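Q: I'd like to learn how to read a protein model, one feature at a time. Can we start with what sits in the middle?

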Amino acid sequence: MAGDMQQAKQPVSAALAGPYGHPFHPILVTVPIGAWVASLVFDIGSHIVGDPDFLARGAVWLLAIGVLGALAAAAIGFLDFLAIPTGTRAFRTGLIHMSLNLAVTIAYAINFWWRNSGTGAHGAVPVGPLVLSILSVAVLGGSGYLGGKLAYHYGVRVADESTQLSGFRR
């Protein structure tokens, strides 16, 4: 059991996934999360302002940035996932986390395509893409909760307590 936990703390490839106790995945996920939340703010704003075109166009750019950022975060996150022993609660949580993130990324790619089909972004964001963004952010939040559970509850890719203790010595 302790060996399984130690295995989940070690990167599969430190050069790609980040060194022990300092994974790259958590910093990379800030790009898609920030872009997609900001795109939802722009979507809502496009229904409030008098000239919504700039917000609708900005939201489309943010969708694309989020999808590209998610692909980078997913590649690194997959390396972290490979370090988790199969058959464990942490593995099952990681599998759900990964699956939800894949579904969200596909939803945002579809949302990007939907907004660019036809004449592109003009006027307030239509109700369909707005609802898809709201649902996608909600699923993203649930997946983020599971990612937090992996790190903070199960300690995946987090340094062990003796390493952490070294930071509190005087």
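Q: Which residues make up the largest nonpolar core?

A: A nonpolar core is a set of buried Ala, Val, Leu, Ile, Met, Phe, Trp, Tyr and Cys residues joined through side-chain atoms within 4.5 Å. Buried means under 20% relative accessible area, with a 1.4 Å probe and protein chains only. Here the largest one has 7 residues: Trp-36, Leu-63, Val-67, Ala-70, Val-104, Tyr-108 and Leu-140. Helix 5 (53–82) and helix 6 (89–116) each supply at least two of them, and the largest share, 3 residues, comes from helix 5. Apart from this core lies another, of 6 residues, including Ile-84, Ala-90, Phe-91 and Val-156.

Q: Before we go on, what kind of model is this?

A: This is a predicted model, where local features need pLDDT of at least 70, side-chain atom pairs count only at pLDDT 80 or more, and totals for chains, interfaces and linings use all residues. Residues are numbered from 1 along each chain as its sequence is written, and side-chain values use heavy atoms, with hydrogens and water left out.

Q: How many helices and strands does the protein chain have?

A: Helices (H or I, at least four residues) and strands (E, at least two) are DSSP runs, numbered from the N terminus. This chain has 8 helices and 0 strands. Its C-alpha trace spans about 60 × 40 × 25 Å along the principal axes.

Q: What is Tyr-108 in contact with?

A: Contact means heavy atoms within 4.5 Å. Leaving aside neighbours within four places in sequence, Tyr-108 touches Trp-36, Leu-63, Val-67, Ser-133, Ser-136 and Val-137. For the whole chain, take the contacts with a separation of 6 or more: 75% of them join residues 24 or more positions apart.

Q: Is His-25 buried or exposed?

A: His-25 counts as buried because its relative accessibility is 16%. You'll find His-25 in helix 3 (residues 25–28). Of the chain's 170 residues, 36% count as buried.

Q: And what lies around His-25?

A: Again skipping neighbours within four places in sequence, His-25 is in contact with Ala-73, Ile-76, Gly-77, Asp-80 and His-97. Look at Ala-73 in particular: its backbone oxygen lies 2.9 Å from a polar atom of the His-25 side chain.

Q: What about the outside: how much area does the chain expose?

A: Accessible areas come from the Shrake-Rupley method with a 1.4 Å probe; for residues, only the protein chains shown count as cover. The chain exposes about 9,700 Å², and carbon and sulfur atoms supply 72% of that.

How values were computed. Buried means under 20% relative accessible area, exposed over 50%, partly exposed in between (1.4 Å probe, protein chains only). A polar contact is a pair of N or O atoms within 3.5 Å; within protein, one must be able to donate a hydrogen and the other to accept it, and residues adjacent in sequence count only if both atoms are side-chain atoms.
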